[in-house]
Each structure stands twice: as C-alpha cells, then as structure tokens.
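Reader: Before I trust any labels on this thing, can we go through what earns them?

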Amino acid sequence: MFLGEQEHFLSYNGEVLIFHLSKTKHVEGTADKTMNLCVRRMAFDRDTKLFVQKSSGVFNMRANRLKIEIICCSCTTDSRTGIILPCILLKNKKRNNVVKYLLLLLHSSNQFEQSFHFTLDYELKEDIRLFTGPSVLWMHANKLSYISSDTRMVLSVPVQLSSVVWTGEIEDEGTVILGTRTACLPENEDEVEFSTSDRAIWGSEFFGYAIETQKMLTGTCFMPHAYSKVVSSVCVCKNKMLRKQLQISLVAVTHKNQLVWFQDGLPKGVCELPYEKPCSVKTAVTSSNDLLFIVSFASGNICAVQRRDTLQVASKWQKVKSVLVDDFIGSGSEQLLLLFKDESNTDVLSTFTITDLGVVNYASGINYKQDVPAAEGLQENGLLTVQALETRLQAGYTSVRELQQHLRLKKMIIFQSCRALIDLVEERTHILPTAKEVICKRPCRSLLNSAEPFEGLVSLWDDVENPPHSLSKETSLASKVPEPFIEKLWQRVVGDSLVVGVKLTESFYLSLSDVSLSLVMDQDFSSISPIVKCRNKIIKLNKAFSALSVSPCQIEPPPKKMKLDLPSKNDLKKELPERCSRVPLDGAKTVIAITSLSPLLAFHHVCCIVLLHAKKQKSQNDSLRESKNITVLCGKVLLSLEDTLSGKYSVKLLRDNSYCTGSMEDILAVLAVSVRFSFQIVSSVCTLTPVNSWLLGEMECTPFKECRDNIFCHKAGNVYGTVFNWTLKNPFEGVLTLFCRNLTVLFQCLHSLTRVLPPSCDVKLLRSGSKGALTEQLALALEKEMLTSRSSFFSKENKAENSLTRGNEPSKKISDAPVASLLDSEEGVQQFRMKFQNEREESVLSMNQTMNGALYQEIAVKIAEAQLSSDMIVWRLS
C-alpha cells in the first residue's frame, strides 16, 4: 500500500474492515495495470488493548490505465440468503463521459463477489445509499433512481424531490425512502388534509415511498412538514404497525445545529449541538442500556447525545477521521470506535478511542503491559471493595425482604378484617384463622444460612373452636329490623358515575339521623381494598312532589366549638371511607351514594354490598333520647361491562309532548350527580316574565311529569340535562335554582339568562336555598337546642336526686299548714323557723350536686350537636 491511497472503514460483527485500492505493475515498462481492492480485518485484542490483523483479502480488476475509486461501503442484507454482508460500490470512469459502477459483496472467507454492474452517462454525487438487495439508490437532477440485484436495471421513482434524508426498512412496508419535495397542494377542496396549511406555508413537504409496493406514505407520520426545510439527516430508532397505524420514533439533525426527537410525528425533545453543519446521525445502545445518538459534523467533529429525561450532549471529540458503532470488545453491548487524524503516523488504527461513556474506556498510546504490577494491586483493592459492597448489598436485600414481608402481613390483616365485616353485616358466622393457618416465610433465611424456613405468627384472636360470648355483642352493629325498612334499591349510570339509591320506609327513616351509604365489593381481591370510596347525598321529596331539593355534603364553617363524640369500640365509621356526616334527614327517605364508574368496570364483573349507616334514636326516661350507631344490609348491586355498554342502567329522560317522562329514579340520579346553585333575582322596574319565557323557549325546557315544578333542559350542547326550578315570590322577585354538571354549564346558562333580563335586575347567589327557608330552619334548630338543654338538665336532677343527702328527716312530717296560722303562736313561729332553715339547707345542697363523668359527657355531646346544627344554618344565612 502506498501513501495517499484511498481508505474506507466499516464495522462488521465487532471487527473493523479497512478497504483500500492499490496498483501494481505486472510487466515493467508496459502500460497495462491491475487495480487491487484490498481488505484487512482488524480485531481488538483485550490483552494488549490494540487492534491486530486477523485476515485479509484481495479483488483484482483490469484497469487499462483508467481511474477507479471507492464510492461508498455499507452493511446490507443479501436478499438471497437474508444474511447481512459488507457491500462496496466502485466507480470506473471511461472515455466519452461513460461511467461504469460495480457493486461487490464480501463474504466471511474474504472472497469478493460481483453482485451487478450498471453504466450511466453521469457521475453519482448526491444522496448515494446502499440498502437491502443489495441495491443502490441515488439522486440526480431532482430525480430519484435505484437499481437492485433483482431488477438489474435502473428504475426511477415517480416523484420529484429535493433531497433524501433516510432509507431503511419499515414494518409491513419493506424498504422505504424518506425525503422532501415541493409541496403538492390538493386541487379539490374536498381533499384538504390536516397538514395542508402547513405545507402551503413552508412550500415543501415530507414524503415516504415504499419501493416494493410502489406506494406513497404520509410524511406527517414521520415529522411535521414545517421541518422539511431544515432537516438534513434522519435515523429511525423504532417502527411498528399497530392497528393499521404506523408508529415511528426517530431523531433528526437540522441545519440549525439541533438534534430533535420525534415520536409518532410530533417533536418530543430538542438539543442544541456544539458544532455547526451536522451531516449524519446514528444510534448506539450501551452496556447501561442507554440510547446514544452519535452526530457527525462536516468539520470532522463528533458529539454523543444522551436521551434520558431530556436530550443532552454527553461528550464531544474533535479531529475525528471516522466513527464506527459495534461491539468491539465482545461485551454484548455497543461501543463507539473513534479513529482520529494523525498525520505523523501511517497506521490508520494508531490513534483511537473505544468508549460507551460508561464502564468501557480504552485509548491508544497507553502501554498496558508495563502497568501489570500496578494493575494487580488495583485488582486486589478492587476485590476487597467488591466484597464489602456485596456485604452491604446482602444487608440491603435482607431489609427489603423484611419490608415486603411486613407489607404482605398488613395486607392480609386488612383483607381478613374486611371479610369479617362483610360476614358481620350479612349475619354469617365468621371463621377466625388459627395460628397454624397464618404462616409466612421469614425473609432471606438462605442469606443468613439458617435452616429454619418458616415462622408461625401469633393469631390476633384466641384459637378456640367456639367464638367468645363477646362476639355476639358485635353482631348488634348489624341491626336486625323486624319490619321491612327498604322500599327499593336501585342503580343508575350517569356519565362516569355510578349512582346507587336506597328508598327507606316512612316508619324507619323517621327514627334515623346521620344517614349514609357505603359500598363493599363482594369479591376476593387480595391486592386492593374491597371498600369503594363514594360520596353521599340525601334527596328530599314532599308527598305532593311539588318541591325537590338535594342535601349534599357541604363545606362546614370555621370551627367554633370542639366536636365531642362518645367513644365506641363498635364504631364502623373508622373502617369506612370518607363520607358526609351529620346530614339532617328532615323528612328525606331516599339515600344516594355516588362513586366513580371507571375503576369498577376494570373488573368486568363486580358485585357490591350496599350498607346503610345511621344513628337510631331511642327514648329514655321520657325526655332524653339516646342514639345508637347501626349498620344495616340493604342488598347487593351487580355491575358488568356488557350491561353498561348496552345502556341497561342509563338514564332515560325523553320529551313527550309538553312533559319530560322518566322514572323517579332517573330524576334522582340526574340530581345526585349535579351541583346545585340558587340565585335570587329581583327587578325593581318590571316583572320577571322573561325568565319563564327564556326557560320554555331558548333553553327548550319541559317540566317533569312526576314533579312539575322542576323542568329539564333538552337544548343540544353542554347545557343538555340541566334541571331548573323557578319560584316566584311576587311578580318582581323570584328564586332560580339550577342543577348542572359543572361550572362551565352554569356560566353558559347565566350568560344566556343575562341577555334576556332587564339591565336593572339584581342577581344574587344564595349559599343554600332561600332566606325564608333558612330562617325557618334556624328557628327549629334553636328550639331543638333549647329543648335539648332543658331535657338534659332535668335528667341530671332526676338521676342525682337519689344520691342527695337530705337534712332533718322529721321536718318532712311537719304539716303544710297556712303560714298565717303558724305565726299566731310562739310554737308555730318556732316550727316555721325550723322549716325555713331546712329548706335553705336543701337549696344549698341542691346547688352543690355532683354527677359521674359519663353522664356529664353524654349531656355535653347532645348540647354540642344541637349548637353545631344551629351554627351551620347561621353560617349559611350570613
């Protein structure tokens, strides 16, 4: 090989292939010459940390004093065998501007095979690429042409283009060419696509062309057309066909010195490059499973970009002759081989670096043989370090296993408690697990070299065959109601919410307070809690169905008093999710629970137990009413994906002439998922007749057939399904109540209403209902607070009377004679004086009465509950 000869580098199966051309004279003095294409296979020696030659090969060609040069080389797939082989394209320029091109394949035996040759009347200079076949693709005069070993003739792509940015394989499409061209806007307006404006603005577009199928691909699945003016090279990282939709992730370098990451045609990240004029990009997967993008620049510089949370430049190098990506050290992952320019050294692999920006880092110029003693010392220190790290890792692994065991134990206890709760409300006998049944594997016994594989846990309950007598007391929580207490259990699906309602009998609900519902899944799910989080609402209906309102869980005012509650070890509220408490029933008899529908549909089929929680009042001493927490099983609701999709539980509210028809359950479900807003409308100059016309006209409302004071909006759009209630106090004042899905719907309704109201109207938001109704509720609450205080103190006097010590028993025998008759004689005056003294002592003793702590706490709780109720109403009025 002579100096100045042309060299090309190619990586193949971890080896570096060096191609070069050399000329030799067979007969001295003659003009005939033979051109040799030589290849050397170089492999990295991990002992010497140098590249050594493994083998070589030569391909002889008759030159006849004509110029031959290597155009390009690449690894392509041989379509005959499906094996990837090195491929070399040679150019032989003849007279009369005729150029002959020769494509060679290199086999593992270093034998060259001539695949095909073709002749052109021009030289290939732009976008020359080798791909599967092998095939050659090039661009000349804005025309794309290609030839393959199968066709053996030059073919043209039927499209005018500006440049080719990528050629490769796409799933289900074969070999695809990605390029740019002048935008071809559709002539027919019916064919306008989403990206038409983008193409018109930039004047160019991306296009994809599948060579095998000869069809065009949508360019926007690769990148937006706005990048067609700046992208110079592309590397497709991943592509797949999902549901007949092409999904592609790729990176591209631009003329703006940027690297852009695209996912399914949309930019996901961008990185500023450290040098100008990037010309190509390739990928590498390192030992740490990191994806590196290697960008080459026209100046001979290289940079590596790392993709983690964002794209960032990890390293950069200058004066690089060539960069190759392969597994050069045989570690199973890819590394970068950087060949640097070194004019002082004729050996092409004299100056190099092998790195993966991690644990692998080899560089030329280091004599590893002289560093063996130092390396042995480092190896010994490294061994001690590794042993210490292994010990720490073992201890950490033990801790992790112990934490996992602890979490499994907690899940098991929670699951068993939920099963016990379900058995309790269904009045089944719960079988307690014994200590022998509750066993778990002790963590990391093998690491601790212990022969004991299992450890028994002590049961939380006594291991006896018959449950203790105290268990029967727990069953009192699930109250046995002798008479029927549920009229109907129903369910509806409204949007993404499941609404479950329980209609109680009149004789039962009048004795309840603080009513709420909870849902418990009846299946065995070991990984999740069977309790469904839900929120409660109580619907109030009078007997004539002339008024309808909802009592939601409202935000409480700032606390003024400390809430007290009697301690109860049987209180099931601690086991249930958040729900509104202290909701006054006030004649309501339909209790509703609302929960999210999507998590339940994930189980496809689910069965939920409906539990009613309340405080039941019972009389005591004819004045004091004592409450008792009860939990009642109301039934089960079944939910399946098929029934939900078929609309079995959907709300059906239809317009029938001048009314809105639908069951009462449908109406209650719509109101339950809605948010209530009340507005007081006052007009000082004209009547409020336009409000009623607005409801029946523009909003297309019709009254419910069951409760005609409430009207349902049938207008198309977001406002559909809104419920209105318009009540006129007098022709100049009224209250408008809206039940809508969200605030957006509320604003749309108010915007439409303000356009029909006179400008002088005053619209005021009421916190909850009308002021008159709240005033009446406040009067009742204050009366209840006064009665509670009086009955509590009377009860205290009755209970404390037996413990008082009365003075002077004989004084009780004194006859209740008139005072005037007692004062007539000295003896009478003395008796009156003694009686007065006894009464004064009894009065003092009555003022100093004492009571036990339980009685005092009970009285304090009742008074506090009554005061909190009145405070809530005062806050809503303010």
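Author: Here is a short run through a helix and a few backbone oddities. The model is predicted, so local features need pLDDT of at least 70, side-chain atom pairs count only at pLDDT 80 or more, and totals for chains, interfaces and linings use all residues. Residues are numbered from 1 along each chain as its sequence is written, and side-chain values use heavy atoms, with hydrogens and water left out.

Reader: What makes helix α7 mostly covered?

Author: Buried means under 20% relative accessible area, exposed over 50%, and partly exposed in between (1.4 Å probe, protein chains only). In α7, residues 664-672, 9 of 9 residues are buried; among them are Met664, Glu665, Asp666 and Leu668. Helices (H or I, at least four residues) and strands (E, at least two) are DSSP runs, numbered from the N terminus.

Reader: Why is Asp172 called exposed?

Author: Its relative accessible area is 59%, and the cut-off for exposed is over 50%, so Asp172 counts as exposed. Asp172 sits in the loop between β13 (163-170) and β14 (174-182), and has a positive phi of about 70° without being a glycine.

Reader: And what makes Leu357 partly exposed?

Author: Leu357 has a relative accessible area of 33%, so it falls in between the two cut-offs. Leu357 also has a positive phi, about 60°, though not a glycine, and lies in the loop between β27 (352-355) and β28 (361-363).

Reader: Which peptide bond is cis?

Author: The one joining Gly133 and Pro134, with omega about 0°. Pro134 is in the loop between β9 (126-131) and β10 (135-140). Most peptide bonds are trans, and most residues other than glycine have a negative phi.
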